[in-house]
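The exercises below are to be worked with the sequence and the predicted model side by side. Try each task before reading its solution.

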Amino acid sequence: MSVCGNSRTSGEKQALCISRICLCVWLEKTLFQQPLNLQEFAQSALQQVRASVGLGNMNLIPDSSIILCNFLLVHIFYALMAKGFKLSHSALLVLVFILFRINHSEQLKSSQAQTLLRIQGLLNNPTVLSSWNSSTEFCSTEPSSSLTVVCYEESITQLHIVGNKGAPMLPLNFSFDSFITTLVKLPDLKVLTLVSLGLWGQIPGKIMRLSSLEILNMSSNFLHGSIPQELSYLISLQTLILDENLLAGQLPDWLGSLSVLAVLSLRKNLFNGTLPDSLSNLDNLRILSLSHNHFYGEVPDFSSLTYLQVLDLEDNAFGPQFPKLGNKLVTLVLSKNRFRSAIPTEASSYYQLQTIDLSFNRFIGPFPTSLLSLPSMSYLNIAENKLTGKLFNNLSCSAALEFVDLSSNLLTGHLPDCLVSGSKNRVVLYSRNCLDTGYGKQHPLSFCQNEALAVGIIPQRKKQKRISKTVLALSISGGIVGGIVLLGVAILVVRRVNANKPSKKPTTRLIAENASTGYTSKFLSDARYISQTMKLGALGLPAYRTFSLEELEKATNNFDTSAFMGEGSQGQMYRGQLKDGSFVAIRCLKMKKSHSTRNFMHHIELISKLRHRHLVSALGHCFECYLDDASVSRIFLIFEYVPNGTLRSWISEGRARQSLTWTQRITAAIGVAKGIQFLHTGIMPGVFSNNLKTTDILLDQNLVAKISSYNLPLLAEITGKVGHGIPSAGPIDPSMSAGMKHEEKIDVYDFGLILLEIIVGRPPKSKKEVEVLKDQLQASIAADEVSRRSMVDPAVKNSCLDQSLKTMMEICVRCLLKNPEDRPSVEDVLWNLQFAAQVQEAWRGDSQSSEGSPTSPTQPPHRHFSLP
């Protein structure tokens, strides 16, 4: 870089350098009116400059001219002072500024030129940089597609270096850390493009020192590892492109903090895991390209990204639901994933859409033909799905449509005329459907109907009629035979009863006694409640059944890692989607000992009865057996899938904007109490010692609480756990070490811990902390309202009615008493919880202002707990 300016010819540069020297000499003569001794030095220096120019050694000119000018200016300054001239502060500052500006500018230019030459060496002198040398005018070079240097005010602001496609990895002595250290010497760099240069290594954190960076593109290299968190400090970053590397790991949450990011492209890497929800915070995002990675799971809700125009998720494992998107999309690519839902009707409102590729998924339901007529649509691909629907001749198409692929679906009807008689350049593919075209590879109409039935899209009425007739015939035959048998048995029973017991007894009494065999007196006393529970508890659930292993493999894609939910002492958990589209949770239990299926049938019978609104209910089971001895190798238990998180996540784990209100917390507690009551009394024998925690309580889409982990005897037998199930890492009921005389009271204690977390908004970490909090609650109950509110979770303390809060505290303290006999029954707990809910609802506290505290309304009578 020349000190004499960005002149394009050597003649201009020579003239400028010499004129600068002459200006200094003229200034000296003008001020002093006669030559000083310094003149001889100036003439000597000028001769040296001319000699350098004549020899063509242009790189000496900057050093010669700057040394001479600076020397002359300093000499002038001191000479003026010696002759008695008084310079003002402003004049002095001007001289100092001139000296500093010249020196700084020249040093900066020289440093950046050396930096670029250093980069050339670190990149192993690639062909694209072969023109660089010590005399190159970097800021004046002509830009090209492979090499561009842009300067602003003599400082480099853009650097584009693009090597040959498929460039090999740089030598082993290359250090990416040293390379970035060199780049940092270009402090004003805003745009950095380093493509196909063989770069390898992990991206060092020191890249954050390029604080002015707005665009970073390091595609087609050999970068590995994860994206460093230090990139989050580049607050001006608008474009991040790291395509075609070896980067791996999950995308970090901090990506959502890059508030001005408009382009994020990470195609063809090794990233995995689910996408962070924080991506939906990138309000300025226009392009998101994550194709050809190993991502899986649901796509975050992108409907708030109003500027998003390109979404490319090709070749991952996303699914099963179609993503929620804004309506300004121009390009949408979801091909080669695991989407298994219907295409939403909202897709027809993407009026700016030009390209949509949904191929090679499992989309079901009707194909929205309105996509063909979107005004800007030019590329439409839905091949290799299970989309249904009837096409008609008179459907309209976009005039811009150039490519349409409808192949391998379940479409019927006729190919639209607009696709047949459209532009000659238009490509239309439609084979392997059931279209009535008269040509092309098409299936018969029955194929599409049968396949649609297989994926649960449309009913097959003919088969249903046949089946119903068969069932009806069997039912009639069985009814006749069964009636005859029952009649004979009844006659024998009546004869024996009359022979042995001549006194008359009502037949209803005999039936009642037979029905009660094996049931406790408590069960009989609560028979009315239990009968209602059995009728209403499992409302909306399908019948319990046996699943085939093939069905479970299909639901989980052969138990793929994308379906894996976690593993504990009670087996592995997978999420699956059945043929009807419903989701299930599948627990896989590996057998340690050899058992036949008969050994587990009594457990399966018990599990099949665990169906209640406030339990994560069992839907079925599956045995996998060894071929040689038919013993059980694995047991699969299928439960309903509850997707809305745990109770703890809604209270004390960071859902600040989604925390449950006080009313919702009481409702959740009531649900848990009803679930416990059903476990104790709803089936025989009851299920006790369930070791319940807030992490075991799930909330469904309506925030209905469901107990997800309870003490199944089957699990205890398989895992070798006996007694009261699996120990907790948290506080343990002190009565558990004193035997099992009060089994139901152990669950009451655990429920007290759940109430404690609901009230204070955080889980206790130890038994000692439980005792401290219990004593504080008990003291605040006897104190005033202010004291009680000081104990409550700040998120709800101003919205709960004092009487409701006091009742909840009383229940909690009684549940946590050391002596099990002093703890309330589940029925008493449930009654008082319902009272707390009633008084809160009467006041409607959750709709009030958070300022101030509510006062108590007229209180209905309730079953009061007397505290010890």
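**Exercise 1.** Determine which residues of H5 are buried, and explain why they line one face of the helix.

*Solution.* Begin with accessibility, where buried means under 20% relative accessible area; by this criterion Phe 176, Phe 179, Ile 180, Thr 182 and Leu 183 of H5 are buried. Next, look down the axis of H5: the buried residues fall within an arc of 155°, and therefore they line one face of the helix. As background, an α-helix has 3.6 residues a turn, so residues three or four places apart point the same way.

**Exercise 2.** Identify the residues with the most contacts inside the largest nonpolar core, and find which elements each supply at least two residues of this core.

*Solution.* The largest nonpolar core has 97 residues, and those with the most contacts inside it are Leu 159, Ile 161 and Phe 179. Among the elements that each supply at least two residues are helix H4 (89-122), strand S2 (155-162), helix H5 (176-183) and strand S19 (386-391). Now take Ile 161 and set aside its neighbours within four places in sequence: its contacts include Ile 119, Leu 123, Trp 132, Leu 147 and Val 195. Apart from this core lies another, of 71 residues, among them Ala 705, Leu 753, Ile 758 and Leu 833.

**Exercise 3.** Work out the strand order of the open sheet of 4 strands, and name its edge strands.

*Solution.* The order is S17-S19-S21-S23, with parallel pairing; strand S17 (364-366) and strand S23 (434-435) are the edge strands, each pairing on one side only. S17 and S19 pair over 3 bridges, and the bridge partner of Pro 366 is Thr 388 in S19. Finally, helix H7 (residues 445-454) packs on the sheet, where it touches S19, S21 and S23, and its direction makes about 140° with that of S21.

How values were computed:
Residues numbered from 1 in each chain as written. Predicted model: local features only at pLDDT ≥ 70, side-chain atom pairs only at ≥ 80, totals over all residues. Heavy atoms only, no water. Core = buried A, V, L, I, M, F, W, Y, C linked by side-chain atoms within 4.5 Å. Buried < 20%, exposed > 50% of the residue type's maximum accessible area, 1.4 Å probe, protein only. Contact = heavy atoms within 4.5 Å. Arc of directions from axis to C-beta. Pairing = 2+ DSSP bridges. Axes fitted to C-alpha atoms, helices over the stretch in contact; angles between N-to-C directions.
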